[in-house]
Amino acid sequence: MAPSIRLAPAARSLFDEPLAIGVQGLGPRQQVTLRTSLRDETGELFQASARYQAGDDGELDLARCPALPGGSFSGLEPMGLLWALQPQKPFWRLVKRDVQSPFLLQLEVFEGHGERPGRLLAQTRHERAFLRDGVRRVPVRDGRIRATLFLPPGEDTFPGIIDIHGLGGGLFESRASLLANHGFATLALAYYQFEDLPQKPNELHLEYFEEAVNYMLQHPQVKGPGVGLLGFSKGGEVSLAMAAILKNIMAVASLNGPVAATCIPFHYKDKTIPSLTPYEHKAKATNSKCLDYSDVLDDPFQAPGNQSLIPLEKAEAQLLFIVGQDDCVVKSEQATEVCKLLQAQGKENFQILSYPGTGHCIEPPFFPLYPRGSHPVFHKQAVLGGELRAYSKAQVHAWSQIQAFFKKYL
């Protein structure tokens, strides 16, 4: 029997779903190298490989067989060939722009454990999709709002979440589309550098975000009485400011979001939260020729920076702070400090999930680690932080916790 690759699900799975991988038809205890490859929408290649030895029966099941040293990872890691994917081009991030088409994953089995691949024994392709069958993608151009709404299958009402991305502008749909597969009506909201929105805003008006909250609450398929917010980086900071100042927000999950206004001040009616000023000269050089920007802002807990602290004591929403302890952009202690302040005021509406070995970019499961890349403000190569194995575990855990949090409070 010729070797063949066995996958479950066989032909197509969701990007955040585990994939069971096995090889059958090998010789007893045969040594092989497995390789996965994926090209992003610009054609850039991501790859991972691992060395294995088949069982006495010629079967190889990645859920039971540990990877041997010498590949992208070692040990018992059934999903290692997905979470260890790394770009061939340095500092390149895997981004999904068109969520209506899947990524195509190629799996190959090669003979032996050499530095160069041996003879090709088996290969197959598998689609990693972002939309479950029946999930609807609805472009939203309502008033000033520029967004995309993802609705789960069916005519029911669903808990509503607004997903807000970090600095960099544009409209990012990948996380919102994946959340909709899990039963949430999710609005991926752009707030600058998209269509007719401001290119480089000098201030962020919370009235724009309030419009998005009202849009969701008026939608016949969004279950009230309030909405949830999921924000990453600057989007986490925006979400926390919304919770402190706007009504109808029930739950906020902030992924490595600052707890003070940074770089762009907030305005709402007659209120202003001034922003902390970043000082580029405070950046530290590292061995990797990338800069560490973790200390470029004033301390938001000390004057004069405390003027920029978001008044979270006014928030009635439940707050979930998700922090990477190795974040080199936003200091992970900020969330701990703000929770101490809330506790001192008798508040109990907060919790923290803190992940060691995890950097700034915490994405849904199986997105590759992005430890170094362009800084969102200074546009120079920056350390973002993170270590491959710890990060991959944090992604899976945080994603399940985010869903449980929103199910509980929405």
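Q: Take a salt bridge to be a side-chain nitrogen of Lys or Arg within 4 Å of a carboxyl oxygen of Asp or Glu; how far apart, N to O, are the side chains of Lys 96 and Glu 41?
A: First, a heads-up: this model is predicted. By the salt-bridge rule, the count comes to 22. Lys 96 and Glu 41 form a salt bridge, with an N to O distance of 2.7 Å.

Q: How many residues apart in sequence are the parts that Lys 96 and Glu 41 tie together?
A: Look at where each partner sits. Lys 96 is in the loop between E7 and E8, while Glu 41 is in the loop between strand E4 (31-39) and strand E5 (45-53). The pair therefore ties together parts whose separation in sequence is 55 residues.

Q: Into which domains is the protein divided?
A: The centres of the two domains, taken over C-alpha atoms, are separated by 32 Å. In contact with each other are 27 residues of domain 1 and 28 residues of domain 2. The division itself is domain 1 (4-129) and domain 2 (136-409).

Q: Which residues of domain 1 lose the most area to domain 2?
A: Start with the area buried between domain 1 and domain 2, about 2,300 Å², with carbon and sulfur atoms giving 63% of it. Three residues of domain 1 together account for 33% of what that side buries. They are Trp 83, Phe 91 and Arg 93.

Q: Which residue forms a salt bridge with Glu 77?
A: Between domain 1 and domain 2 the count is 3 salt bridges. For the Glu 77 pair, the closest N and O atoms are 3.1 Å apart, which means it passes the 4 Å cut-off. The partner of Glu 77 is Lys 393.

Q: Which elements give two or more residues to the side of domain 1 that touches domain 2?
A: Polar contacts cross this interface too, with 5 residue pairs found. On the domain 1 side, one helix and one strand each give two or more residues. Those elements are helix H1 (80-83) and strand E9 (120-129).

Q: How many residues of each class, nonpolar, polar and charged, are on the side of domain 1 that touches domain 2?
A: Keep looking at that same face of domain 1. Sorted by class, its residues come to 16 nonpolar, 4 polar and 7 charged.

Q: In what order do the 3 strands of the antiparallel open sheet stand?
A: Strand E1 (residues 4-8) joins strand E3 (residues 20-24) through 5 bridges, running antiparallel, and Ile 5 has Val 23 as its bridge partner in E3. E3 also pairs with strand E6 (residues 60-61), again antiparallel, over 2 bridges, with Gly 22 opposite Asp 61. The resulting order is E1-E3-E6.

Q: Which strands stand at the edges, with one side left without a neighbour in the sheet?
A: Check how many partner strands each one has. A strand with a single partner is at an edge, so one of its sides has no neighbour in the sheet. That description fits E1 and E6.

Q: Which are the edge strands of the open sheet of 6 strands?
A: This sheet has mixed pairing and runs in the order E2-E9-E8-E4-E5-E7. E2 pairs with E9 in the parallel sense over 3 bridges, and Ser 13 has Arg 128 as its bridge partner in E9. Pairing on one side only are strand E2 (12-14) and strand E7 (86-87).

Q: Which residue's backbone oxygen does the side chain of His 113 reach?
A: His 113 is in the loop between strand E8 (103-111) and E9. Leaving aside residues up to four places away in sequence, His 113 touches Gln 31, Val 32, Thr 33, Arg 51, Tyr 52 and Leu 68. At 2.9 Å, its side chain reaches the backbone oxygen of Tyr 52.

Q: What is omega for the cis peptide bond that joins Ala 303 and Pro 304?
A: The bond from Gly 224 to Pro 225 is cis, with omega near 5°, and Pro 225 is in strand E15 (residues 222-232). Pro 304 lies instead in the loop between strand E20 (291-292) and strand E21 (318-324). For Ala 303 to Pro 304, omega is about 0°.

Methods. Residues numbered from 1 in each chain as written. Predicted model: local features only at pLDDT ≥ 70, side-chain atom pairs only at ≥ 80, totals over all residues. Heavy atoms only, no water. Domains from an automatic or database assignment. Contact = heavy atoms within 4.5 Å. Buried area = accessible area lost by both parts, 1.4 Å probe. Polar contact = N/O pair within 3.5 Å; in protein donor to acceptor, adjacent residues only side chain to side chain. Helix = DSSP H or I, 4+ residues; strand = E, 2+ residues; numbered from the N terminus. Nonpolar A, V, L, I, M, F, W, Y, C, P; charged D, E, K, R; others polar. Pairing = 2+ DSSP bridges.
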